[in-house]
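Dear colleague,

I am passing on the structure we spoke of, and below it you will find some notes on its pockets. Please read them with the model open beside you.

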Amino acid sequence: MHHRPFIRRRHTSALHAASLMCSPVEGSAEAEAVLSKPRFHLDLWLLFTVQNWILDVGRPVVMLVLPVDFFPVNRPGAVEYLHILYAVSTPLVLLKMLERSPRTLPRPAVRLGIICVVMGTSLHLVADSVTRRLVLIGYQLHLSVRENPVMQELKPASLVDAFELLFYYDDTLGHVMWCVPLFLVLFLFFSGSFSHRNRKQEEKMAPAAWMLLVPNAAYYWYLITERQTFILFIFTFFAMTATVMHQRRRGLVPDSNGLFMLCSFSAALVLVAFWVSCLWSDGVLRKKHPGLIYVPQPRAVYTLHLQQNGTT
């Protein structure tokens, strides 16, 4: 007597399942509608944008707002603590992005990439901390290491080689170990963000994506200019474009997440082009960034133009 309602509910659910199995067209259409429903990962992209703006872009802002003597020079300051939090949170965000991605790397490659990110951010943390203290005593970021008046006064002169090694860890090795896994994870996530062409709603970007487009594109601009990662960025963008062309032949188009990434990368490329065009004829920055690819760093522009004007 007590088990009749339970048996009746089981009988009703079994009949419903049997009816779906007996009507394959209706059942498959309902299952396909549920499984292929478009979804923009708002929580993931919001976490990605907020932590980058607060813990990465926010560091130079905090450095400008807080007084110089707010923290002892021989101890970590607020900027360093933000950098430590960024070194911890970035691998977690990248792992979360890989969990949402249909395509991923083998587990040893994922672990190696996370180790590289942690080492790259750690190298940048140490070098950036020393650089910030050098700026307090007159180091000019728009000049090379040997051309700085502070370095020319060092005794013995061989100490300049040690500082050049420090800046190599910061500007070259640290940025490569930090940003290569980042762009690789972004490309893997993008390569799985495709859906069938016959779904019109998949070809439109979600309203929430439009709100995050500007801050996300602005962060990519900061990542390209300040971290000097234009080559990594442009190769990733070309790989994304080639993936779109390949998937279109298979009848697939980017979904909301894919369109969001394409629009963010395209807007960042426009911002970088505008930034370079405004500083194209600057001879001092040209000497600071020699070579075919000329992308000035914002902090070099600050110490060359804004800081000197403020002092004057």
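**Pockets and their linings**

In this predicted model, the lining of the largest pocket draws at least two residues from each of α3 (42-65), α4 (78-100), α5 (107-136), α8 (207-227) and α12 (298-311). Among these helices, α3 gives the most, contributing eight residues to that lining.

The space in the largest pocket comes to about 820 Å³, and of the 36 residues that line this pocket, Arg59, Pro60, Met63, Leu64 and Arg132 are the closest to its centre. When the lining residues of the largest pocket are divided by character, 23 are nonpolar, five are polar and eight are charged.

The second largest pocket holds about 630 Å³ of space. Its lining consists of 22 residues, and those that lie nearest the centre of this pocket are Asp171, Thr172, Gln228, Lys288 and His289. Here the elements that supply two or more lining residues are α7 (159-191), α8 and α9 (230-249), with the largest share, five residues, coming from α7. As for the character of the lining of the second largest pocket, twelve residues are nonpolar, seven are polar and three are charged.

You may wish to look at α8 in particular, since this helix supplies at least two residues to the lining of the largest pocket and also gives two or more to the lining of the second largest pocket.

With best regards

Key: Residues numbered from 1 in each chain as written. Predicted model: local features only at pLDDT ≥ 70, side-chain atom pairs only at ≥ 80, totals over all residues. Heavy atoms only, no water. 1 Å grid on protein atoms, 1.4 Å probe; cavity = no way out; pocket = protein on both sides within 12 Å on 5 of 7 lines; lining within 4 Å. Points joined across faces, edges and corners; volume = space filled by probe spheres on them. Helix = DSSP H or I, 4+ residues; strand = E, 2+ residues; numbered from the N terminus. Nonpolar A, V, L, I, M, F, W, Y, C, P; charged D, E, K, R; others polar.
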